[in-house]
Amino acid sequence: MKKIKTGSKKWTNRHETFTEKIKDLYVLGNEPDLDALDGYNDSTKGFQQLIAEAIQTKTPFRPLGAGWSWPKIATVSNGVMMDTKPLNTTLTISQQSVLPTYAGDIRKLLFAQCGNGVWELSLELRQKKLSLKTSGASNGQTIVGAMSTGAHGSTFDVGAVQDYVLGMHIIVSPTRHIWLERKSAPVVSSAFIKKLGTELLGDDDLFNAALVSFGSFGIIHGVLIEAENIFLIEAYRRRMPYDNTLKALMQTLDFSTANLPCGNERPFHFSIALNPYDMKNGAYVSTFYKRPYRDDYVRAVPNDAGIGPGDDAPCFIGKITDVVPALVPVVVNKLIGTAMAPFEKQYGTLGEIFNNTDLHGKLLSSAIGIPLNQVNRVTDLLFEINKTDGPFAGVFAYRFIKKSKALLAFTHFDFTCILELDGAFSATTQKFYTAVWKRLDNEKIPYTFHWGKVNEMNFKKIKNMYGSDADTWIAARNKLLDADSMKVFTNPILTKWGLDKVL
Ligand SMILES: Cc1cc2nc3c(=O)[nH]c(=O)nc-3n(C[C@H](O)[C@H](O)[C@H](O)COP(=O)(O)OP(=O)(O)OC[C@H]3O[C@@H](n4cnc5c(N)ncnc54)[C@H](O)[C@@H]3O)c2cc1C
């Protein structure tokens, strides 16, 4: 494994919202002279050496994806960070690599090393006439970085990124690495296990715990993902009255009587944005439908603000800087008016529609999961809180996702509405967030926090949110990591969240 020690003593996340003092940042890569499998296996050994060194020198370390998260989950103060992006090989899966009992389509399986960008995988799959099932609105994350926080889009019947991961290769100590998959859904054969020189562990609880584990379960070196046949998205964004009809749709996802661009057809993706300073012109309703792939489609184009049909607010809200309260409505209206301009019948593949890998300026982004039946109540509260603790320089955005099997996936309710509050990087935004969380607590409205976005969590809150699943997650971590490795893979935020418990 190539290890470049950059000598960096501090690290700043991609949004420049914090800087952390570190001991070093290593950039890791596969040995270029080896073929894909040998290079991968050599990197497994490299990671084991790094864990051994970390234990010897008592230096915690953390794998880093694309660095797109807001909380300090990919960093470790005074420890070593490992940039995994160049670890981006893939291995195709042959008939011999899966069990004869595997009922899925082997052609759709892909083994991806951790540093593969979501965008890179989309490009590779496209050449095979395949596609990822879903992604976030943007696609600059690494595959393991995205699944580790439960990144999602609004493909509500599909789920989030971790929901199409079928197996994981995890390096848990200097002497042990494992292939983890669900016992209830085994996929790989002993030939595959032999190829990676690893040990098979079939266990539903351990697997469901490790899926969303923000760097605390060891190094997830590679994941087996299930893709699907390439398809097109037919995308619309319209302004529609924010009336009882739309509210009912948001609260039920029952499209049987909907009057959307394709009538009552159940969309592939459905999301709403409310600009609190321009409600008289209605909500922004994005409705995307899945269509069979064909070559002769006209590709979607970005609008005058450079924003594509699938881009969400984090792609452009950073253009709002801290402004005096009186100017917030004007500034938000000006930005949203162009960035979220309605459009009709735009086409693209998943990778083309959800494609923004660029960031524009500092911003704060927080997302909470709430049960569908609370959506309208929470919206009423947001408008109230905006009067007392605002003005919030951003939009209220809503996406929808079915429940994940991952124990700590924040898409935790049968159908979760993800309420996103993307706003200017300012003390007012932070104050607004705090007021919202406090009000939800006071009103006893259940909610969960996106692990990769601004949140205020502690163990009590996590227990309230996840109940016994939080304990099962901790037990799984204790089962997979030995005492020395637990220390290496513990960072301050894990301790703050109370998830570092040693049993
Ligand atoms: C512009 C923008 C748009 C966004 N849009 C969305 C969206 O639409 N939906 C959504 O859900 N989120 C969205 N996010 C949030 C983002 O998707 C998540 O924060 C995601 O986890 C970031 O992935 P990353 O590769 O940058 O991981 P990082 O932030 O670098 O790391 C995330 C976690 O993964 C761990 N990790 C990384 N690699 C490994 C490894 N090999 N083994 C073990 N652990 C590892 C890290 O230690 C860390 O704990 C957006 C962020 C931005 C900046």
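Let's start with strand 21 (residues 415-424): 9 of its 10 residues are buried, so the rest of the structure largely encloses this strand. Keep in mind that this is a predicted model. Two partner strands of strand 21 come up below, followed by an open sheet built from 6 strands.

**Strand 21 and its partners**
- Strand 19 (residues 363-371) pairs with strand 21 in the antiparallel sense, and 9 bridges hold that pairing.
- Within this pair, Leu364 sits opposite Gly423 of strand 21.
- Strand 20 (residues 394-402) is also joined to strand 21 by 9 bridges, and these two run antiparallel.
- Here Phe400 has Cys417 in strand 21 as its bridge partner.
- "Buried" in this case means that 20 or more other C-beta atoms lie within 10 Å of a residue's own C-beta, and 9 of the 10 residues in strand 21 pass that cut-off.

**The open sheet**
- If you walk across this sheet, the strand order is 7-8-13-10-11-12, with mixed pairing.
- Strand 7 (90-92) and strand 12 (199-202) are the edge strands; each has a single partner strand, so one side of each has no neighbour in the sheet.
- On average, neighbouring strands in this sheet are turned by 20 degrees against each other, ignoring direction.

**Inside the open sheet: strands 10 and 13**
- Strand 10 (residues 165-173) and strand 13 (residues 219-226) run antiparallel and are joined by 6 bridges.
- Val165 faces Ile225 of strand 13 across this pairing.

**A general point for reading strands**
- Side chains in a regular strand alternate between the two faces of the sheet.

Terms used. Residues are numbered from 1 along each chain as its sequence is written. This is a predicted model: local features need pLDDT of at least 70, side-chain atom pairs count only at pLDDT 80 or more; totals for chains, interfaces and linings use all residues. Two strands pair if DSSP finds at least two bridges between them. Helices (H or I, at least four residues) and strands (E, at least two) are DSSP runs, numbered from the N terminus. Axes are lines fitted to C-alpha atoms, for helices over the stretch in contact, and angles run from 0 to 180 degrees between N-to-C directions. A residue is buried if 20 or more other C-beta atoms lie within 10 Å of its own, exposed if 12 or fewer, and partly exposed in between; C-beta atoms are placed from the backbone.
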